[in-house]
Amino acid sequence: MNFPVGNQDFFHKNQFIHDFRQASPYIHHLNGKTLVLAISSHVLVSDKLAALAADILLLTSLGMRLVIIHGCSQFIQAIAGRNTAISIDENPITDENALELVKQASGIARFNLEATLSMIPTQVMEHSAPNVRIAGGNFLRAKPLGVINGIDMGYSGCVRKVDAAAIEERLAHNQLVLISPIGHSLSGQSYRLQVNEVAQAVAEAIRAEKLIFLGTQHGLLDEKQQTISELNCIEIRQLLARNITDKRQTELLQTAARVLEHGVQRVHVVSGLQDGSLLQELFTREGSGTAMAKAPFMRIRRAENKDIGEILQLIAPLEAAGILLPRDSEYMENHIHEFSVLEQDCYVYGCVALHVYPKDNAGELACLIVSPNARARGYGELLLAHVIKQAQQLQLQTLFALSTHTGDWFVERGFTSATLEQLPPKRQQQYTSNKRQSKIFCRQL
């Protein structure tokens, strides 16, 4: 559709406002948080690296603390040829020649990434701004894998310890920490490490908020080769039990399950080859890849003062339509303890209130609202079930609701029509004074 120029400007302006408002809760939540990015070498050798580096710099400017762990297999391939690279990448045994190749490739990958991160994109900051400071060091203590099933694994190692204090010190000084997949032993010997293992060990040691894998796929795939948007630990274990994933995907799922059980809040699998996918994953409701958490992403919790603004935004359209009575900030501050909110990944999609009348052993379900952006997800039923459970825990005998437009919804869910006399006396007075003539519905608990 072709818009007149004025309409196009209006559309783009309003789209920007919508997108920025949608991103703001995520920006606020991630400010000051630590993110570990594990970047595949396929991304480092692609023409998308500059755009990804610009997005990484943007994250630092928004107050996020970043640790980057890079792969090096594509650089090994460039140095030694395809066959040698494949054998090193797939062979768990590392001899002296292979270790030297890994050292060379890690150095090239590291310096290329440092150079790209030293660029100053005009869309991120002014040319007069200083470059982001990048910190490296001997953060990883390694030990050899040793002899496994009678086979000496050579210079293949595993992480023995992460110097979390040293990493934290660099992050506290606003430095971006860059780690290669090589560790050193107490005797001064270097060992080749797996990127997944390094990412897992670092994320756990520094208690990162997120561990993000940036590779070639848009995310993890289901049986139909469709991207899975969200997984919790139970679903991860079920997916692993079905044994339908390839080796790389299985490794990512196993890593995610481990770090989520050890304090990391989220694990993401995102394409590093799609421009803007990292920002889309972090700052939009839909995301761009696969997000994994220990518990389900959606939860209903007691409302807090910080939720007042979002609750008022949910209420505003219904107040304007005359469906709900007006509620201002003062009212919300005095009654916030009666409200619960339905939250999904930092964003409030619904709310409900339970007003209790102890003398009458009754409660009123009020202000049940679900955002238009989340209709048809069953959130209304979840909020209703939450209030019923609250009322039962308080040993209330009756739950009632007043409505001018949604009476059928309540009847379909076990409520019956009631009269004014069935309301608690205090609520009868309020009902008479507001003159809204709402229909009354009641449910015995």
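Modeller: A salt bridge here is a side-chain nitrogen of Lys or Arg within 4 Å of a carboxyl oxygen of Asp or Glu, and the structure holds 14 of them. This is a predicted model, where local features need pLDDT of at least 70, side-chain atom pairs count only at pLDDT 80 or more, and totals for chains, interfaces and linings use all residues. Residues are numbered from 1 along each chain as its sequence is written, and side-chain values use heavy atoms, with hydrogens and water left out.

Colleague: What makes Glu343 and Arg301 a salt bridge?

Modeller: Their side chains come to 3.1 Å, N to O, and the limit is 4 Å, so the pair qualifies. Glu343 sits in strand β16 (residues 339-344) and Arg301 in strand β15 (residues 298-302), 42 residues apart; strands are DSSP runs of E with at least two residues, helices are runs of H or I with at least four, and both are numbered from the N terminus. Both Glu343 and Arg301 are buried, buried meaning under 20% relative accessible area, exposed over 50% and partly exposed in between (1.4 Å probe, protein chains only).

Colleague: Which parts does the salt bridge of Arg427 and Glu364 tie together?

Modeller: That bridge measures 2.8 Å, N to O. Arg427 belongs to helix α16 (residues 425-434) and Glu364 to strand β18 (residues 362-370), so the link spans 63 residues in sequence. Arg427 and Glu364 are buried as well.

Colleague: And Glu412, the partner of Arg413, why is it called exposed?

Modeller: Its relative accessible area is 60%, and exposed begins over 50%, so the word fits. The closest N and O atoms of Arg413 and Glu412 are 3.2 Å apart.

Colleague: Now the rings: why is the pair of Tyr349 and Tyr379 called tilted?

Modeller: Rings of Phe, Tyr and Trp (its six-membered ring) pair if their centres lie within 6.5 Å; planes under 30 degrees apart are stacked, over 60 edge-to-face, and the rest tilted. For Tyr349 and Tyr379 the centres are 6.2 Å apart and the planes at 55°, so tilted is the right term. Both tyrosines are buried.

Colleague: What makes Trp409 and Phe410 edge-to-face?

Modeller: Their planes stand at 85°, with 5.2 Å centre to centre; the angle is over 60, so the pair is edge-to-face.

Colleague: How do you know that Trp409 is partly exposed?

Modeller: Trp409 has 23% relative accessibility, which lies between 20% and 50%, so partly exposed it is. Phe410, at 6%, is buried.
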